[in-house]
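Here is a quick walk through one model, written for someone who likes to have the viewer open alongside. Please have a look first, then read on.

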Amino acid sequence: MKIPFLGKRRRKDELPDPAGLAELLAECALLRSQAYGAGVRLDDSPASLEALDQLVPRWRDDEDTSDWLGNDAGLYLGTVIVRTVPGAVWELRADGQPVVHLTGGREFDVVDAGHRWAADGVPELSQWYAEVAED
């Protein structure tokens, strides 16, 4: 049965194209919901990272929420980097972990950075961004 409005199904082992991967990784639903509830607009800009750094970390009381939010924060950080730092692109490591690849050949594990931010707030997302953007 073909249902045309559903589009072509991807095979399980087939990766989306780079634009599709970027869109998929940019969703960050929990982070966007938390930010919206706090009045922070996530517009994929470095300034929005600074605004996230100012949020009161109420999520730290719930380990599951903190873990999920850390993942989203890392993916959002990666989204901002890919959209604003020339030459930065998303890549998937062999283990499936999304990382940002920078023009100098450096690989940046944004998900790890997001988890560290969610757990401790240090380094701040804006600090991670500044470090990557100056390379």
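What follows covers helix packing, strand pairing and a few backbone oddities.

This is a predicted model, in which local features need pLDDT of at least 70, side-chain atom pairs count only at pLDDT 80 or more, and totals for chains, interfaces and linings use all residues. Residues are numbered from 1 along each chain as its sequence is written, and side-chain values use heavy atoms, with hydrogens and water left out.

**Helices**

Let's start with α1, which spans residues 18–25. Helices here are DSSP runs of H or I with at least four residues, strands are E runs with at least two, and the numbering goes from the N terminus. The buried residues of α1 are Leu21, Ala22 and Leu25; buried means under 20% relative accessible area, exposed over 50% and partly exposed in between, using a 1.4 Å probe and protein chains only. Looking down the axis of α1, you'd see these buried residues fall within an arc of 100 degrees, so they line one face of the helix. That arc is taken from the directions that run from the helix axis to the C-beta atoms. Among the elements covering the buried residues of α1 are α4 (63–84), β1 (89–92) and β2 (98–101).

Helix α4 also packs against α6 (residues 125–134): their axes come within 11 Å and cross at roughly 35 degrees. Axes are lines fitted to C-alpha atoms, for helices over the stretch in contact, and angles run from 0 to 180 degrees between N-to-C directions. The crossing of α4 and α6 is right-handed, that is, the near helix is turned clockwise from the far one by less than a right angle. On the α4 side, Ala73, Leu77, Val80, Ile81 and Thr84 meet Leu125, Trp128, Tyr129 and Val132 of α6, where contact means heavy atoms within 4.5 Å. By class, that contact has eight nonpolar residues, one polar and no charged ones. Ala, Val, Leu, Ile, Met, Phe, Trp, Tyr, Cys and Pro count as nonpolar, Asp, Glu, Lys and Arg as charged, and the others, Gly among them, as polar.

Ser66 is also in α4, and it is buried, at 14% relative accessible area. Leaving aside neighbours within four places in sequence, Ser66 is in contact with Trp59, Ala118 and Ala119.

**Strands**

β1 and β2 run antiparallel and are joined by four bridges; strands pair if DSSP finds at least two bridges between them. Within this pairing, Val89 has His101 of β2 as its bridge partner. β2 also pairs with β3 (residues 107–108), again in the antiparallel sense, over two bridges. Here His101 stands opposite Glu107 in β3. Both pairings are hairpins with five residues between the strands, with Gly96 in the turn from β1 to β2 and Gly105 in the turn from β2 to β3.

**Backbone oddities**

The turn glycines have positive phi, and so do two residues other than glycine:

| Residue | Place | Phi |
|---|---|---|
| Gly96 | turn of the β1–β2 hairpin | about 90 degrees |
| Gly105 | turn of the β2–β3 hairpin | about 95 degrees |
| Cys28 | loop between α1 and α2 (29–37) | near 45 degrees |
| Asp44 | loop between α2 and α3 (46–53) | near 65 degrees |

Are the loop residues Cys28 and Asp44 buried or exposed? Cys28 counts as buried at 4% relative accessibility, and Asp44 is buried too, at 15%.

Finally, the peptide bond from Val122 to Pro123 is cis, with omega near -10 degrees. Pro123 sits in the loop between α5 (110–120) and α6.
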